Amino acid sequence: EDIKAMPVKDVCDSTAHLYLWVPNALLPEGIAVLDAWGFKYKTSFVWDKVKHNMGHYNSVRHEFLLVCVRGSCQPDVAKLFDSVQTIERTEHSVKPEEFRAIIDTIYPFGSRIELFARRKVENWEVWGNEIA
């Protein structure tokens, strides 16, 4: 509820895109967040983490990166990437840099911000209480 209440809808441009990481078990909550923030779901990437994590119903080895838009946000560059990216996981909760490279490739223009960031990244604004 706290994440849904963040004023993202009020501070982002009327035309914007959102990439939202959602663990498999929290997919409905992720959809509720993007709705609360004023975005529409378009598609997703699946991160195949290679290593398994024990789940309640199956052995979970993937996570979703939801691709969402506000307004009209066709990619600036018409390069298609495979929707399933197989990249071995490393530290807990650390996302692969390959996904940032995908975003930077298809959207080379405009401003970028990462919420809940853990480190500074060139050409990205970062916000988070764990930034090193």
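# Briefing: sheet, helices and nonpolar cores

Leaving aside its neighbours within four places in sequence, Tyr107 is in contact with His17, Tyr19, Cys73, Gln74, Pro75, Asp76 and Arg112. The structure is a predicted model. Tyr107 also belongs to the largest nonpolar core, where it is one of the residues with the most contacts. The points below describe the sheet, the helices that lie across it, the cores and one buried residue, Val69.

**The sheet**

- The sheet is open and has 4 strands in the order 1-3-2-4, with mixed pairing.
- Strand 1 (16–23) and strand 4 (84–86) are at the edges and have a single partner strand each, so one side of each is left without a neighbour in the sheet.
- From one strand to the next, the twist averages 20°.
- Strands of a sheet pair through backbone hydrogen bonds, and the pairing is either parallel or antiparallel.
- Strand 1 and strand 3 (residues 59–70) run antiparallel and are joined by 8 bridges.
- Tyr19 has Val67, in strand 3, as its bridge partner.

**Helices across the sheet**

- Helix 2 (residues 27–36) lies across strand 1, strand 2 (40–54) and strand 3.
- The direction of helix 2 is at about 160° to strand 1.
- Helix 3 (residues 97–106) lies across strand 1, strand 2, strand 3 and strand 4.
- With respect to strand 1, helix 3 runs at about 165°.

**Nonpolar cores**

- The largest nonpolar core has 15 residues, and those with the most contacts inside it are Tyr19, Phe45, Leu65, Phe99 and Tyr107.
- Strand 2, strand 3 and helix 3 are the elements that give two or more residues to this core.
- Helix 3 provides the largest share of this core, 4 residues.
- Another core, of 14 residues, lies apart from the largest one and includes Val8, Leu20, Trp37 and Cys68.
- Tyr19 thus links two topics: Tyr19 is paired with Val67 in strand 3, and Tyr19 is among the residues with the most contacts in the largest core.

**Val69 in strand 3**

- Val69 lies in strand 3.
- The relative accessible area of Val69 is 8%, under the 20% cut-off, and therefore Val69 is buried.
- Apart from its neighbours within four places in sequence, Val69 is in contact with Ala16, His17, Gly38, Phe39, Lys40 and Lys42.
- His17 is in contact with Val69, and His17 is in contact with Tyr107 as well.
- Val69 and Met6 are 63 residues apart along the chain, and their C-alpha atoms are separated by 17 Å.

Conventions. Residues are numbered from 1 along each chain as its sequence is written. This is a predicted model: local features need pLDDT of at least 70, side-chain atom pairs count only at pLDDT 80 or more; totals for chains, interfaces and linings use all residues. Side-chain values use heavy atoms; hydrogens and water are left out. Two strands pair if DSSP finds at least two bridges between them. Axes are lines fitted to C-alpha atoms, for helices over the stretch in contact, and angles run from 0 to 180 degrees between N-to-C directions. Contact means heavy atoms within 4.5 Å. A nonpolar core is a set of buried Ala, Val, Leu, Ile, Met, Phe, Trp, Tyr and Cys residues joined through side-chain atoms within 4.5 Å. Buried means under 20% relative accessible area, exposed over 50%, partly exposed in between (1.4 Å probe, protein chains only).
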